[in-house]
Amino acid sequence: MDAYGAIDEWKRARGERGVNKAPDRVQDYQVEGKEADDMGVMTVSVNREGNRLLLLPYVECWGVDRLTDRFFASLKGPDVTAEDVGGALLDAFAFIECTGPLELNLEEQENCWRHDTRYKTWRAFARNNDFVDVTYYEDRYYWVCAYPPRIGDDWGDEVWRGTVPAGVSARELGQAVLDAYAAIDEWKRTHGRRPAPRVPVARSVALCDGGEVLLPGPGEGFAERTSAAGEVLLAFERTGRGGDPVASLYLAEAEWDAEADGGEAWDEWLERWEGDNGPARSVSREPCGEGPFTRRWEARNGSCLTVALLAPLTGGLAVMLSLDAARPGRRPKAVERWEEELHRIARAATIRSGKPES
């Protein structure tokens with residue numbers, strides 16, 4: 001308590017929250033609850049889905065601000081007024097002030113947003129949700145920041161921000177939130193709700209015998225990258241939410257033994273893949289357009305390798321298209337789309353023979 005008395009004295013002397021004056025969301029911890037003079041910062045999340053507004057307060061949980069639904073307000077319908085929104089906000093701030101730090105379990109933190117929503121997962125909810133943060137800075141002002149879907153809630157990502165002086169009426173505070181949502185709607189009309197899909201670009205690659213492969217570029221989020229292997233002609237990569245690669249698509253030359261099933265056309269490539277993922281436990285075959293066929297291997301760690309032979313070449317070589325998906329058991333529907341993309345490219349690819357040497 002003496003330490004917090006010193007902090008209060010320092011605040012009165014400096015007249016500011018910190019030396020950089022940057023807004024923060026660190027709340028003063030006090031075992032008995034939070035007094036008005038020691039509140040620091042209080043934040044309420046306002047989420048809009050259609051004509052529904054869901055208000056959830058942030059409370060301190062083990063030193064970190066977390067959303068909780070121990071208090072929530074769900075305002076639904078076209079007749080919701082600015083005074084209704086402002087009154088719900090003031091009630092949420094009063095809940096934070098009276099409650100103090102809470103101990104929230106993991107399930108409570110993960111499911112706090114599930115009120116009057118038609119979405120089943122947080123990812124789907126956040127992707128279709130218009131988000132406004134209202135932060136109250138100690139009797140000084142309210143800071144209102146608006147974020148549209150697919151934009152993060154980091155500092156600088158907001159499309160609209162404004163301040164409202166402390167002590168205003170509920171109607172004025174609610175009107176600021178409605179103004180923030182009007183700015184989000186204007187941003188959507190200008191930028192669109194979703195980014196334009198990337199148009200795959202057709203590629204042509206020279207073969208070692210002087211021929212050329214023409215194929216459409218892959219969609220489904222695959223981006224071209226530089227390959228480190230000499231036999232790989234083209235390489236595309238699909239990254240996950242954390243930035244790590246989850247699937248790779250390769251166009252490569254391989255040996256061909258002219259047997260009905262392609263024989264050694266993929267032996268070396270399969271051995272390298274098994275070295276990273278373990279022995280393959282299943283093999284499946286299916287036709288691939290006009291080409292010979294495709295084969296699919298699965299490893300015990302859940303990864304899979306799908307190979308499509310495009311066409312045999314003279315000189316004992318063949319061209320193959322390979323899809324390497326890491327642990328697809330976590331994303332089976334995505335792997336199905338990736339394999340469909342592999343088949344589409346394999347059917348559309350053409351190979352031009354090279355000119356004979358003189």
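What follows is a short conversation about how some features of this predicted model get their names.

Reader: Happy to start with the ground rules; what do the values rest on?

Author: This is a predicted model, in which local features need pLDDT of at least 70 and side-chain atom pairs count only at pLDDT 80 or more, while totals for chains, interfaces and linings use all residues. Residues are numbered from 1 along each chain as its sequence is written, and side-chain values use heavy atoms, with hydrogens and water left out.

Reader: Why is T43 called buried?

Author: Buried means under 20% relative accessible area, with exposed over 50% and partly exposed in between (1.4 Å probe, protein chains only). T43 has 1% relative accessibility, so it counts as buried. C304 is buried too, because its relative accessible area is 1%.

Reader: Where do T43 and C304 lie?

Author: Strands (E, at least two residues) are DSSP runs, as are helices (H or I, at least four), and both are numbered from the N terminus. T43 belongs to strand 1, residues 41-49, and C304 to strand 15, residues 304-313.

Reader: What makes the link between T43 and T135 a polar contact?

Author: The term asks for a pair of N or O atoms within 3.5 Å; within protein, one must be able to donate a hydrogen and the other to accept it, and residues adjacent in sequence count only if both atoms are side-chain atoms. The side chains of T43 and T135 are joined at 3.3 Å, so the distance fits the cut-off of 3.5 Å.

Reader: How do you know that strand 1 pairs with strand 5?

Author: Pairing needs at least two bridges found by DSSP between the strands. Strand 1 and strand 5 (residues 130-137) share eight, in the antiparallel sense, with S45 opposite D133. Strand 1 also runs antiparallel to strand 2 (residues 52-61), over six bridges; there R48 has L53 as its partner.

Reader: Why is strand 1 described as mostly covered?

Author: Nine of its nine residues are buried. V41, T43, S45, N47 and E49 point one way, and M42, V44, V46 and R48 the other. In a regular strand, side chains alternate between the two faces of the sheet.

Reader: What makes a group of residues a nonpolar core?

Author: The members must be buried Ala, Val, Leu, Ile, Met, Phe, Trp, Tyr or Cys residues, joined through side-chain atoms within 4.5 Å. The largest core here has 32 residues, and V46 and V134 are among those touching the most other members. Helix 2 gives the most to this core, with seven residues.
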